[in-house]
Amino acid sequence: MSEQILEVFNVLDYLNKGNEIDNVLDGELGTFSSGHECIEYLVNEGYLEGEVPAAKESGELTAEEVSKEYTVAQLKEILKENGLKVSGKKAELVERVLPVLNGNSEPAGLDAFDESSKSSDLELTEKAQEFLAENQWIDLYNFALVAFRFEDYQTYHEASEEDTYNTALNFCDEIISRALVANHFLVFIDALSAKAHVYAYYQDYDSFLDYDLQRFILGLNPIVLDAQSYATYRVISDANITNIRNVVEALKMGSLKKRFDRIWVKSHIKDATVPKKTCYKTLLKAIDGADLEELNFDLKVKYFDKKFGV
């Protein structure tokens with residue numbers, strides 16, 4: 001039921017922002033068998049009002065199925081037999097041949113619904129607007145906390161007496177504390193990143209940068225890392241570098257070196273895997289666009305393999 005609440009919120013929020021219903025109808029949703037079933041549910045429950053578009057007829061081939069089953073030569077032969085244009089890339093041939101294979105007289109393109117069935121005057125009801133307002137915390141979850149199970153955060157949110165902002169920060173802090181006690185380093189840095197994004201959601205980019213820098217520093221200096229986790233461990237996170245780069249380039253945040261030094265001290269690193277000076281130089285290289293695959297490889301070979309490798 002929790003996952004369905006998440007999906008209902010996401011669909012209603014998507015439509016409320018002015019997006020077309022087509023992408024919902026054509027999409028796949030976890031707790032609904034199809035986008036069409038989801039829209040029917042929302043209409044029946046009073047979240048949407050209007051006529052539900054007709055569903056795709058069963059048995060019709062999809063573009064993906066045709067592309068896998070037919071070669072270019074076979075597609076051209078079918079098109080030629082039906083007096084249709086045979087030039088173009090395979091995707092174009094597939095689009096052109098779909099209505100023939102599905103027995104339609106008019107091209108249906110790549111859409112799962114014809115245009116007449118897709119046209120819809122469905123609108124969000126007052127009940128939907130109230131649902132979105134009451135569950136706005138889900139938007140924060142989607143932005144910052146998706147590394148953690150929705151059901152867990154929903155339970156935590158419902159039990160909290162704090163506002164949405166402080167509830168999210170407290171949730172991250174509890175995950176951080178538990179991860180440290182249990183020596184679950186990967187969960188720990190996920191929680192650091194999540195906390196950074198909570199700050200970003202509320203446009204506190206100073207705190208956002210602080211926590212993303214800490215995530216970078218500790219990524220290069222793991223508190224603990226077992227051999228199994230290390231086998232797939234990525235020293236530098238692509239997303240982490242993108243976040244830091246975007247904030248540094250877009251906003252005047254003061255001296256990056258001074259901030260880095262402050263966060264290094266705050267991180268209480270007792271046994272550095274990568275020396276502080278090298279850590280900062282690596283950060284600058286990554287921000288400047290160096291190949292992260294090469295940086296990760298070099299760091300593992302030089303600093304990590306002997307300490308954490310098997």
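Which exposed residues does the face of α8 turned away from its buried side carry? Keep that one in mind while we get our bearings.

**Before you click**

This is a predicted model, where local features need pLDDT of at least 70 and side-chain atom pairs count only at pLDDT 80 or more, while totals for chains, interfaces and linings use all residues. Residues are numbered from 1 along each chain as its sequence is written, and side-chain values use heavy atoms, with hydrogens and water left out.

**Stop 1: the whole chain**

Show the protein chain as a cartoon and you'll find 18 helices and two strands. Here helices (H or I, at least four residues) and strands (E, at least two) are DSSP runs, numbered from the N terminus. Now turn the C-alpha trace around: along its principal axes it spans about 70 × 50 × 40 Å. The radius of gyration is 26 Å, whereas a compact globule of 310 residues would come out near 19 Å. That radius is taken over C-alpha atoms, and the globule rule is 2.2 Å times the number of residues to the power 0.38.

Switch on the surface next. Its accessible area is about 17,500 Å², with 48% belonging to carbon and sulfur atoms; the method is Shrake-Rupley with a 1.4 Å probe, and for residues only the protein chains shown count as cover. Of the 310 residues, 41% are buried. On this tour, buried means under 20% relative accessible area, exposed means over 50%, and partly exposed is in between (1.4 Å probe, protein chains only).

**Stop 2: helix α8**

Select residues 126-134, which make up α8. Its buried residues are Ala-128, Phe-131 and Leu-132. They cover an arc of only 95 degrees around the axis, which puts them on the same side of α8. (The arc is that of the directions from the helix axis to the C-beta atoms.) Here's the general idea: an α-helix has 3.6 residues a turn, so residues three or four places apart point the same way.

Now spin to the face turned away from the buried side, and there's the reply to the opening question: Glu-126, Ala-133 and Glu-134 are the exposed residues there. Back on the buried side, the packing partners are α1 (2-16) and β2 (123-124). For packing and touching, a contact means heavy atoms within 4.5 Å.

Step over to Thr-125, in the loop between β2 and α8. Thr-125 is buried, with a relative accessible area of 12%. Leaving out residues up to four places away in sequence, Thr-125 touches Gly-46, Tyr-47, Leu-48 and Glu-49.

**Stop 3: helix α9**

Select 137-144. Is this helix mostly covered or mostly open? Mostly covered: six of the eight residues of α9 are buried. Colour them in: Trp-137, Ile-138, Asp-139, Leu-140, Tyr-141 and Ala-144. To see what covers them, show α1, α8, α10 (150-159), α11 (164-182) and α12 (185-201), which are included in that cover.

**Stop 4: two loop residues with positive phi**

Go to Gln-203, in the loop between α12 and α13. Its phi is near 60 degrees, a positive value in a residue other than glycine. Gln-203 is exposed, at 61% relative accessible area.

Then pick His-268, in the loop between α16 (256-266) and α17 (276-287). This residue is not a glycine either, yet has a positive phi of about 55 degrees. His-268 is exposed, with a relative accessible area of 64%.

**Stop 5: two buried helix residues**

Select Asp-210 in α13 (residues 205-220). Buried or exposed? Asp-210 is buried, at 13% relative accessible area. Skipping residues up to four places away in sequence, Asp-210 touches Arg-259, Arg-262 and Ile-263.

Now try Tyr-280, in helix α17. With 14% relative accessibility, Tyr-280 counts as buried. With residues up to four places away in sequence not counted, the ones Tyr-280 touches are Leu-256, Lys-257 and Phe-260. Measure across to Glu-174, 106 residues apart along the chain, and the C-alpha atoms are separated by 29 Å.

**Last stop: across the model**

Finish at Thr-71, in the loop between α4 (63-69) and α5 (72-81). Thr-71 counts as partly exposed, at 41% relative accessibility. Draw a line from there to Phe-304, 233 residues apart along the chain: the C-alpha atoms are separated by 48 Å.
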